[in-house]
Amino acid sequence: MTTSTEYEPLTLETIVPRLKLIEPVTSILGSDTSKWKAAEIGDGNLNLVFILKGDKGSLIVKQALPYVRLVGDSWPLPLTRAFFEYNSLVRQNSRAPNSVPKVFFFDKVQALIVMEFLHPHKILRGKLIAGEPVTGISEVLGLFCARTLFRGSDLSMDTSDKKNDVALFLGNSALCDITESLVFTDPYFDAKMNHNTPGLEKIIGQIRGDINLKVKVQDALMKFSSNTETLCHGDLHSGSVMCTTDDTKIIDPEFGFYGPMGFDIGMLISNFLMAYISQPAHRSSKNLVKFQDWILEIIIKFYEVFTNEFTNLWKTERNGILFPKSLFEDQGQSSEKALEALLKNIWFDALTISGIEIHRRILSLAHNADFEDIKDEIIRSRLEAKALMMGKELILNREAINDTNALSIIARRFNQGSFL
Ligand code: SR1
Ligand code: MG
């Protein structure tokens, strides 16, 4: 327990006295608290994040603030998001072992999670900007998505457990509200907190003026808000993945919610696509093509691993109420067509989400460093224009994009194109 029974944000001065009586903390750091050193390392949009080092080891202490850190206390946000992050981490750890940080301690009142310090891991987005490849990343991400999405759904879970969990996670409505506004709605009108690179106005006009596009985006929002297919990570962008040269972990599931299977997949793919399109601003021409090719290979391999593992789980762990073996295999009938149709739906949902995520990262409040770090506004707007147009294509013409090879061809086309 921390020393205070009422919520109080940690500071560099209070973190040691407040955590020194927590057994899991002392057993990892060592009991000589005079050796403990703390540093605040949070650079995300929402929370406080400290690293705490002792003579025996190190830990991460993450604490929710009662407001959105990016904006300040004018935008209150419930502390309960730490509870949902903790519960998501527990489920992800059992469904996709070794893919998320270990949790050592959770304090609901303090909205505080003590977890494994991933070292020498770096945020994937930074590595993509720096041109640093990661071995095995597609496998980890593909297995993580297949296992968490399949095992968190009615394909696998006991249906009353699933319904109770859906009810629990409905409480994370404030975080869903952020996604409903910032991701699905704000990019498509002149919302208050929006900002964009100068020069994009004509393209923004095209996007916001396209009724068909807005209808498709709202269809996707309807699925997001109403379709409780599975427990999604909820914010699976390249800032929620940490890597070394050969290890990958998934972090930060505070946006956890029950939603469509394609949501996490689409968000992840779009972050690789944005990394791909933004590369010319970060690489010399000598290394550019090779690294861009690597990013597209990652998308292809990730989705192949995802579908293979999802298929494997379909065959071996399909014990829920959906597509039961009693209706197919036990009748001597194949369930392959059902699987194929489900995977197709997931893919099309993912393409739509990819397009939307690209739009929001360039037009809404929270932008990506992939583009935001480009100092020259002319270069940035040219690259952002390619991404915005590609996003539009993914949303409007998804039926023509059958697989990741077709998606790569489209990415290459928009990378070559000029839209300003
Ligand atoms: C106000 S929060 C902005 C964004 O940061 C988080 O990582 C989510 O992506 C959210 O949309
Ligand atoms: Mg986050």
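Domain bounds, as the word domain is used below, come from an automatic or database domain assignment. The structure is a predicted model.

**Exercise 1.** Determine which domains and helices supply the shell around ligand 1.

*Solution.* Begin with the domains: domain 1 (15–116) and domain 2 (122–416) each give at least three residues to the shell around ligand 1. Then list the shell itself, in which Asn45, Leu46, Val68, Trp75, Ile178, Leu182, Asp235, His237, Phe255, Arg360, Arg361 and Ala366 surround the ligand. Finally, turn to the helices, where helix H7 (173–183) and helix H12 (336–363) each contribute at least two residues of that shell.

**Exercise 2.** Describe the chemical character of the shell around ligand 1 and identify side chains that make polar contacts with the ligand.

*Solution.* Sort the shell by residue class, which gives 7 nonpolar, 2 polar and 3 charged residues. Next, apply the cut-off for a polar contact, a pair of N or O atoms within 3.5 Å. In the side chain of asparagine 45, an N or O atom is 2.6 Å from an oxygen atom of ligand 1, and for aspartate 235 the distance from a polar side-chain atom to a ligand oxygen atom is 2.7 Å. Histidine 237 likewise has a polar side-chain atom 3.4 Å from an oxygen atom of ligand 1. The protein covers 95% of the 320 Å² of accessible area that ligand 1 has on its own, and the ligand sits in the largest pocket.

**Exercise 3.** Locate the cis peptide bond between histidine 119 and proline 120, and the positive phi of aspartate 252.

*Solution.* The bond joining histidine 119 to proline 120 is cis, with omega about 5°, and proline 120 belongs to the loop between strand E7 (112–116) and strand E8 (122–123). Aspartate 252, a residue other than glycine, has a positive phi near 65°, and its place is in the loop between strand E11 (248–250) and strand E12 (257–259).

Key: Residues numbered from 1 in each chain as written. Chains lettered and ligands numbered in written order. Predicted model: local features only at pLDDT ≥ 70, side-chain atom pairs only at ≥ 80, totals over all residues. Heavy atoms only, no water. Polar contact = N/O pair within 3.5 Å; in protein donor to acceptor, adjacent residues only side chain to side chain. Areas by Shrake-Rupley, 256 points an atom, 1.4 Å probe, with all protein chains shown as cover. 1 Å grid on protein atoms, 1.4 Å probe; cavity = no way out; pocket = protein on both sides within 12 Å on 5 of 7 lines; lining within 4 Å. Sits in = over half its atoms within 2 Å of the grid points. Helix = DSSP H or I, 4+ residues; strand = E, 2+ residues; numbered from the N terminus. Nonpolar A, V, L, I, M, F, W, Y, C, P; charged D, E, K, R; others polar.
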